[in-house]
Amino acid sequence: MTLMPNILGVKNMNGKIEVEHLSKTFKKGNVQAVKDVSFTVDEGEFFAFLGPNGAGKSTTVQILTTLLNATGGKATVAGHDVIREPEKVRKYIGVALQETGVDPDLTGREMIELQASIFGFDKSSAQARANELLNIVQLEEAAERRIGNYSGGMRRRLDLALTLVNEPKILFLDEPTTGLDPSNRMAIWKELQRLNEELGTTIFLTTQYLEEADSLAHRISIINDGEIVATGTPKELKAQIGNDLITFTFPSKDIQSQAATIMESYMGEKEVIEQNGKLLVYVDDGTKQMLELVRLLDQEQVEVETVNLSSPTLDDIFLKITAKEVGGVGHGE
Ligand SMILES: Nc1ncnc2c1ncn2[C@@H]1O[C@H](COP(=O)(O)OP(=O)(O)OP(=O)(O)O)[C@@H](O)[C@H]1O
Ligand SMILES: [Mg+2]
């Protein structure tokens, strides 16, 4: 379907990302933004880097896309070292950064054509590629409008189109759906899935949305405070922490603290997490354990308000893993 000649040899190169002991310390403020991070993304894989604000996601993306130098470790993208061969890496990747610099006076179409000319397209191939991409990201109607007047969703779709100009084998997307409404988010998800499935594009996506990583990614690494705290398929991450989640609420904070102490002495401290006025307990056999815990609390005359059994979501996993990292969230803060 592409009109672009295969001058870059895109189809023949490897779409892998290999990262070993990568670190980045910013001199300013002596911030260790990335700490000894290692992971591999296979060719054709959809990989998500999931983490909260300030976790080190953008810093990692900037290193892998040759925009920032690491202070330690090694990374190869598409078979090329990001420090020693940055221009080779850049040829084969598409990047949509969190903060993009596009000229607000250009129209969407002009911006895509400009990007195409940077990649060596002649005028008519650039025009053809722009038509194709405007159609893919559904910006045909807005194509002749100034980018400065685009909505947030339109801007993200234009960003995506710009990353696709050179048919990259590997696509880096830094929080591509943050701030979008559900329908725009779904449109981006659909397009990313199509790129991954139909063209075999390797995708490295960062997100703060657990739901996004869960629905899109083959594998997820959870990054917190510069460190990878867990890696696995969505299924593996869910299995890692127990099959079932029991959620308790209590009539008062004091009663909750009392219950937490009792449950911790029974379950172990790290298995009981206090969050938003609830006690969460991760277990393998939810039905059996729920009955035992309720019986135990009843024995101690601790009044339970509600108790609920569910399967953990990625949100729960994230909470549990990051809570573990700080040695368990204590009760009665
Ligand atoms: N140029 C810089 N100079 C100094 N510190 C920086 C710089 N860029 C990032 N940092 C710090 O490095 C840490 C990681 O930042 P980073 O932008 O990688 O996080 P993030 O996971 O992308 O967060 P967000 O979800 O908010 O985008 C933060 O503590 C941040 O303040
Ligand atoms: Mg960021």
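A residue is called buried under 20% relative accessible area, exposed over 50%, and partly exposed in between. Keep that cut-off handy for the exercises below, and remember that this is a predicted model.

**Exercise 1. Is serine 117 buried, exposed or partly exposed, and why?**

*Solution.* Start with where the residue sits: serine 117 belongs to helix H3, which covers residues 108-118. Next, take its relative accessibility, which is 40%. That value falls between the two limits, so serine 117 counts as partly exposed. Now look at what its side chain does: it reaches the backbone oxygen of leucine 114 at 2.7 Å. Finally, go back along the chain to glutamate 99. This residue is 18 positions away from serine 117 in sequence, and their C-alpha atoms are 22 Å apart.

**Exercise 2. Work out how strand S3 is covered and which way its residues point.**

*Solution.* First, pick out the strand: S3 runs over residues 46-50. Count its buried residues and you get five of five, which makes S3 mostly covered. Then sort the side chains by direction. Phe46, Ala48 and Leu50 go one way, while Phe47 and Phe49 go the other. Both sets are buried.

**Exercise 3. Which strands pair with S3, and in what sense do they run?**

*Solution.* Take S8 (residues 202-207) to begin with. S3 and S8 are joined by five bridges and run parallel. To anchor that pairing, find phenylalanine 49: its bridge partner in S8 is threonine 206.

Now try S9 (residues 219-224). Here four bridges make the link to S3, again with the strands parallel. Two pairs help you line them up: alanine 48 has isoleucine 220 as its bridge partner, and leucine 50 stands opposite isoleucine 222.

**Exercise 4. Follow S9 onward: how does S9 pair with S10?**

*Solution.* S10 takes in residues 227-232, and its pairing with S9 is antiparallel, over five bridges. For a landmark, use serine 221, which stands opposite threonine 231. Then check the connection. The two strands form a hairpin with two residues between them. In that turn, aspartate 225 has a positive phi of about 50°.

**Exercise 5. What surrounds ligand 1, and which polar contacts does the ligand have?**

*Solution.* Begin with the shell: it holds 15 residues, and the closest are Asn53, Gly54, Lys57, Thr59 and Glu175. Sorted by character, the shell has five nonpolar, seven polar and three charged residues.

Next, ask which elements supply them. Strand S2 (31-41) and helix H1 (57-64) each give at least two residues, and H1 gives the most, with three.

Then go through some close atom pairs, each involving an oxygen atom of ligand 1. A backbone N or O atom of glycine 54 lies at 2.7 Å, and one of glycine 56 at 2.9 Å. From lysine 57, a side-chain N or O atom comes in at 2.7 Å. As for cover, the protein takes up 67% of the 630 Å² of accessible area that ligand 1 has on its own.

**Exercise 6. Zoom out and describe the protein as a whole.**

*Solution.* Count the elements: 11 helices and 14 strands. Then take the extent of the C-alpha trace, about 80 × 45 × 35 Å along its principal axes. Of the 333 residues, 50% count as buried. The accessible surface comes to about 15900 Å², with 46% belonging to carbon and sulfur atoms. Last, consider contacts between residues at least 6 apart in sequence: 70% of these join residues at least 24 apart.

Key: Residues numbered from 1 in each chain as written. Chains lettered and ligands numbered in written order. Heavy atoms only, no water. Buried < 20%, exposed > 50% of the residue type's maximum accessible area, 1.4 Å probe, protein only. Pairing = 2+ DSSP bridges. Near = heavy atom within 4 Å. Polar contact = N/O pair within 3.5 Å; in protein donor to acceptor, adjacent residues only side chain to side chain. Areas by Shrake-Rupley, 256 points an atom, 1.4 Å probe, with all protein chains shown as cover. Nonpolar A, V, L, I, M, F, W, Y, C, P; charged D, E, K, R; others polar. Contact = heavy atoms within 4.5 Å.
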